[in-house]
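Colleague: I have a model open and want to learn how to read it. Can we take it feature by feature?

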Amino acid sequence: MPVRAFSKAAQRELFEKTGIGADSLGEPVWKQEITFQVSSGERVLAEEHFFLIRVSSPTIDRENWTRLEKEPIAEHRWWWIPELEASNRCVTGTDLSAQ
């Protein structure tokens, strides 16, 4: 899939999940392929692209979230790169510090 398609998908997801709009994105800062199993038992190969997006306001808007998206999330927050590096949580995109 072309990078532009991933960029458009990232813009759409950014708005749906945060309410933050981005006019355009540059090249991905990280790419990876991962395989995982979904609840039905199906194995899925995912190609992930990570983009650096600078925003003027860090305010998250959950207005576009569905009930199923809101229920399991107790909180959300922004992370600084040193916090991500020091965390023992599972975070993908392991070389974001250069950005």
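Colleague: How much area does the protein chain expose, and what share do carbon and sulfur atoms supply?

Modeller: Accessible areas come from the Shrake-Rupley method with a 1.4 Å probe; for residues, only the protein chains shown count as cover. Here the protein chain exposes about 7,800 Å², and carbon and sulfur atoms supply 52% of that. This is a predicted model: local features need pLDDT of at least 70, side-chain atom pairs count only at pLDDT 80 or more, and totals for chains, interfaces and linings use all residues. Residues are numbered from 1 along each chain as its sequence is written, and side-chain values use heavy atoms, without hydrogens and water.

Colleague: Which pattern does the protein chain follow along the sequence?

Modeller: Helices (H or I, at least four residues) and strands (E, at least two) are DSSP runs, numbered from the N terminus. The pattern is α-β-β-α-α.

Colleague: How do strands E1 and E2 pair?

Modeller: Two strands pair if DSSP finds at least two bridges between them. E1 (residues 30-37) and E2 (residues 43-50) are antiparallel over 8 bridges. Trp 30 stands opposite Phe 50 in E2.

Colleague: Is Thr 18 buried or exposed?

Modeller: Buried means under 20% relative accessible area, exposed over 50%, partly exposed in between (1.4 Å probe, protein chains only). Thr 18 has 11% relative accessibility, so Thr 18 counts as buried. Thr 18 lies in helix H1 (residues 3-18).

Colleague: What does Thr 18 touch?

Modeller: Contact means heavy atoms within 4.5 Å. Leaving out residues up to four places away in sequence, Thr 18 touches Glu 13, Thr 59, Ile 60, Asp 61 and Trp 65.
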